[in-house]
Every structure is written in structure tokens, then in C-alpha cells.
Amino acid sequence: MSTGDLFRKHDPHANPDFFRAEAAGLAWLAEAGMPVAAVRSVSEHHIELDRIAETSPSAEAARNFGAALARMHDAGAGGFGAAPDGYDGQLFIGRRPMSRTVHDTWGSFYVTERVLPFLRIAVDAGSVTGHQCRDIDAACDLVAAGAFDDDDPPARLHGDLWNGNVLWSPQGVVLIDPAAHGGHRETDLAMLALFGCPHLRRVVEGYESAHPLGVGWERRAPVHQLHPLAVHAAGYGAGYGRELHRAALATLELGGST
């Protein structure tokens, strides 16, 4: 609900941590210099944010956003899976609870805390078949074993960086609705690519001007799309289950060439 210069979300039945998690995530990203919707008030049942005036995306804003995203990632996190600093509650992606268990290695964290919990929900919902699940499990085993681990430290992620959470204001990009946690920088970029982002090439150019990406990062996108696709398969049907299966097959193929 919009009221004047404020945007208010209210839900008397929300988990008591739901809006607190959003506020903590926004503050954590803002600490790293990322423009976000400012929180004006928050409680167990509501959050009030500055209303963002929107305009058309531009190449210049995209490039500036990419550079800001790299700097945000570089601000780091306490570990793979870590919650925003100072926040002690439940994490969420959308309305679904999300683990805050911290791992020492990215692959173990990603599979155990970000893919498998949502995959099981998707299987129970009938969105992923037994045949598909066998391939997805095999891809998860590969990732968990460290096939795609590297020396990159935990990045400060938005965690739900699809185009709907990227607002184009007259002053540049402003982010909303994070599922903020410590993860791998390529995961945010893979989600932007998965769901589409205006001027994505310019975003990447801006990103690499601040922090060059690892060789082959584009080919690894399906690995980093396993999480958002599992989340969507858990809630939005078999179409996303098929996309999740395709990403798993691409992960297996990529793993065979490493």
C-alpha cells in the first residue's frame, strides 16, 4: 500500500521475524553503499519504506548499478550462509523460511541450505519428477563435493536479485526485498540473468570495472541458478521443475569438463 511518500506492507499473520529480516537485510546492503529503499518503521506485523519513484532503465544507470553491486559483494559476510550482521532471527526468501546455518565452504552451504530444502518441497508438490530428481541430486552431490569452490570469500548478497527487486529511479537503481546472506557473488549475477535485467551487459561491464569476475563465470550460471529455480519449483509448478532439471544437467556437464 502506498501512502504519500511511504510504501507500507502489513500482515497480522506474518512470522514475527518476517519484516525484521527485510529491514535487517536492507540495512546490511546499505552499509555496503548499495542504494536501497529506506526503512522508516518496522514491527512484527508491518514495514514502512520510502516510496521509490520509477523511470525507464538506462545504460548509464545499469553500469553504475553493476559497480555498486560489486562493491556490495566485496563488503563480505561472516560466512557462507551468514545472516546480516547483528540480526538474530529467521531468514526468508519470499515467504519461505531460509536457513542461516553457516558453512566453511560454498558448495556444501549452497546445496545443503539453499537447494535441497526447496527441492524436497518441489518433489512433494509434484513439480519435480523422480527421474528429474535423480539428476538434480547428482548435480547437488557434485557441487557439495566442491567442484565449483574457489578462493572467493563470502560475498554480501542481495539473495533474491530478480528484475522485480531492481527499481530504476531517476537517481539510479534502488534495491528492495532482499533475502540477504553470505554467499557467492556469481549467484546474484546468475539470478539477474535468469529472470532478465535491462541492460544486463552494461551491468556486467560496471561490475567488472570494480571487481573482475572469474574466468568462465557465465558458463557457471546454471550452477548458481539451482537455488532460485528450486525455490520457484517449490511454489510455482512443473515448468520451473523442468528448468531446474535443465540447470542440473548443465551443471553435470560443466562438472565433467572441470
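A helix, as the word is used here, is a DSSP run of type H or I with at least four residues, numbered from the N terminus. The model described in this report is predicted.

**Helix 1**

Helix 1 covers residues 18-31, and at 1.5 Å a residue its 14 residues should span 20 Å; the end C-alpha atoms lie 20 Å apart, which agrees with that expectation. This helix is mostly covered, with ten of its 14 residues buried. Among the buried residues are Phe18, Phe19, Trp28 and Leu29. Just after helix 1, Gly33 adopts a positive phi of about 90 degrees.

**The largest pocket**

The largest pocket contains about 580 Å³ of space. Its lining comprises 28 residues, of which Phe18, Ile93, Gly94, Arg95 and Asp160 are the closest to the centre. Strand 2 (6-10), helix 1, strand 5 (91-93) and helix 8 (226-236) each give two or more residues to this lining. Phe18 thus appears twice in this account: it is a buried residue of helix 1, and it is also among the residues closest to the centre of the largest pocket.

**The largest cavity**

The structure holds one cavity of 30 Å³ or more. The largest cavity has a volume of about 40 Å³. Helix 3 (residues 106-124) gives the most to its lining, with four residues. The lining of the largest cavity includes Trp106, Phe109, Leu157 and three histidines, His181, His184 and His227.

The table sets out the two linings by residue class.

| Lining | Nonpolar | Polar | Charged |
|---|---|---|---|
| Largest pocket | 15 residues | six residues | seven residues |
| Largest cavity | four residues | four residues | one residue |

Methods:
Residues numbered from 1 in each chain as written. Predicted model: local features only at pLDDT ≥ 70, side-chain atom pairs only at ≥ 80, totals over all residues. Heavy atoms only, no water. 1 Å grid on protein atoms, 1.4 Å probe; cavity = no way out; pocket = protein on both sides within 12 Å on 5 of 7 lines; lining within 4 Å. Points joined across faces, edges and corners; volume = space filled by probe spheres on them. Nonpolar A, V, L, I, M, F, W, Y, C, P; charged D, E, K, R; others polar. Expected span 1.5 Å × (residues − 1). Buried < 20%, exposed > 50% of the residue type's maximum accessible area, 1.4 Å probe, protein only.
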